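Trainee: Got a minute to go through this one with me? I'd like to see how the pieces pack.

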Amino acid sequence: MPFLDRLQRWADERPDGTAVVVAEKRLSWAEFRDAAGLVPVVPAVTVLPADNSLASAVGFAAAVAGERLCAVLDPSWPQQLLDTIAARITAKFPPDPSAVPRPGGRRIDGVTDGLTDGPPGSPFLIGLTAGTTSIPKAFTRSRESWRTSFDASIEFFGLTAEDVTLAPGPLAASLNLYALAECLYAGSEFHTLKQFDVGDAHAAVSHDGITRLVLVPSMLRLLSERGLAGGVDAAGIRSIVCAGSKLDARTLEAARRWAPNATIFEYYGASELSFVAGAGLPPGQQPQLGGTGIGRPFPGVQIRILDAAGAELPEGGVGNICVRSGMVSDGYLWGDDGQALQSLGGWYTVGDQGYLSAGTLHLLGRRSDMIITAGTNVYPHEVELALASVPGVASAVAAGLADDLRGQRVVAGVVPSHGGVTATQLRAGVEEVLVRTKRPMEYFALTELPLTDRGKLSRQLLADWITRADPRVRRLG
């Protein structure tokens, strides 16, 4: 059961309280429940291209009722891609030709007919995650796995029914879709925007009583820096939940100044694994800059570091980050290359590498990204975190280039912040953080980060830019 039993409860207990707000349009708990109960659905699979609207939020709730499955797609994807994904889902779950769309809507013994949770172990969500091919990989999640995730995240992040959450990103992204469902489960008010806009987000923080932000680091940096410059008061924000990548020093510093009373959370997880480990930085506490530590296990999560054969490594040994929890997905419908989600003796991994030290998980990155230079294994993520703590660096990316002597050499590109940065400053900045064999041999100034067409950081693209002397790259002497 993901959240519909809770939705019924909140609608009965506080029907007029605000449940969901999208671009200043509001639905109360009773209105949201009744609207979802009136959505015509077929008891099978719904493919939902979800924009940021009340209709999408309501449609998602209706589409996971009973034993139905829902695939939430990004409407900004090319139509051909949307059609291909829809065709694959239809092939996996052929529609019942006798099924007739009908709304729920009728109230029977205090429950909206048709708007009830299915069996806990049944799949309800088809998740999509970018892979090495142009077609996203697809996996399924059970209702019980999300309920377990809700209980873990609510405890870890301290979400209460009094909180007012703003998730300004697209509902089609798993981070924001989960935040919506988590709030529906917790009875907590959820806000989002029609599309991400700094001014609209600041207006929500100033006027809508926002106490909690759920967003990616790039959004947090924009809101914090421009909020400080524009005098936007964020003293009422009590928690900030960031996902997507570890927070760099500049973003942390700006967020701490802008929202001085907030606990800033960052965590490691994966679509296939859900939450794994994380930490919260309380108000007034200084962060450890340049480190790879991501925090301790979430409630109900066990972590081990295993080698490729499934043997447990000693503390400090680098290997596959493997977990056991009730939050792991059911596996793939398509796109599994044998590496996407592996089980090593009942411990699950997506191939991310790391190590444990005094109970804290240290995240290094994917094995496929690893640079081998003169026999030393270097993870770009570790280099990038070190560079991000250097004054004058807005963001950083590291990669390996072919080298006749070393096999590969480590290089780094940085997007300078205001005032710029020199190679000498970069070398001095990482000297105390990285051992000599892990330090970049060359530095390049970038006009922009190398991103794929899906917005993912591409280290291979950085290497390509350097190799072909792309104008977006300038070598720093």
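Mentor: Sure, and one term to begin with: contact means heavy atoms within 4.5 Å. This is a predicted model, where local features need pLDDT of at least 70, side-chain atom pairs count only at pLDDT 80 or more, and totals for chains, interfaces and linings use all residues. Residues are numbered from 1 along each chain as its sequence is written, and side-chain values use heavy atoms, with hydrogens and water left out.

Trainee: Leaving aside neighbours within four places in sequence, which residues is Tyr268 in contact with?

Mentor: Tyr268 belongs to the residues with the most contacts inside the largest nonpolar core, which has 74 residues. Such a core is a set of buried Ala, Val, Leu, Ile, Met, Phe, Trp, Tyr and Cys residues joined through side-chain atoms within 4.5 Å; buried means under 20% relative accessible area, exposed over 50%, partly exposed in between (1.4 Å probe, protein chains only). With those sequence neighbours set aside, the partners of Tyr268 are Leu273, Phe275, Val276, Ala277, Ile294, Ile321, Val350, Asp352, Leu361 and Leu363.

Trainee: Which helix gives the most to this core?

Mentor: Helices (H or I, at least four residues) and strands (E, at least two) are DSSP runs, numbered from the N terminus. With 10 residues, the top contributor is α6 (residues 174–186).

Trainee: Why do the buried residues of α12 line one face of the helix?

Mentor: In α12 (residues 459–467), the buried ones are Arg459, Leu462, Ala463, Trp465 and Ile466, while Gln460 and Thr467 on the other side are exposed. The cover over the buried ones includes α10, β25, β26, β27 and β28. The arc is that of the directions from the helix axis to the C-beta atoms. Seen down the axis, the buried residues line one face because they fall within an arc of 160°.

Trainee: In what order do the 4 strands of the open sheet come?

Mentor: Two strands pair if DSSP finds at least two bridges between them, and the pairing in this sheet is mixed. β25 (393–403) and β28 (473–476) each have a single partner strand, so one side of each is left without a neighbour in the sheet. The order is β25-β26-β27-β28.

Trainee: And which residue in β28 stands opposite Tyr443?

Mentor: Strand β27 (residues 442–446) runs antiparallel to β28, with 4 bridges joining them. Opposite Tyr443 stands Leu476.
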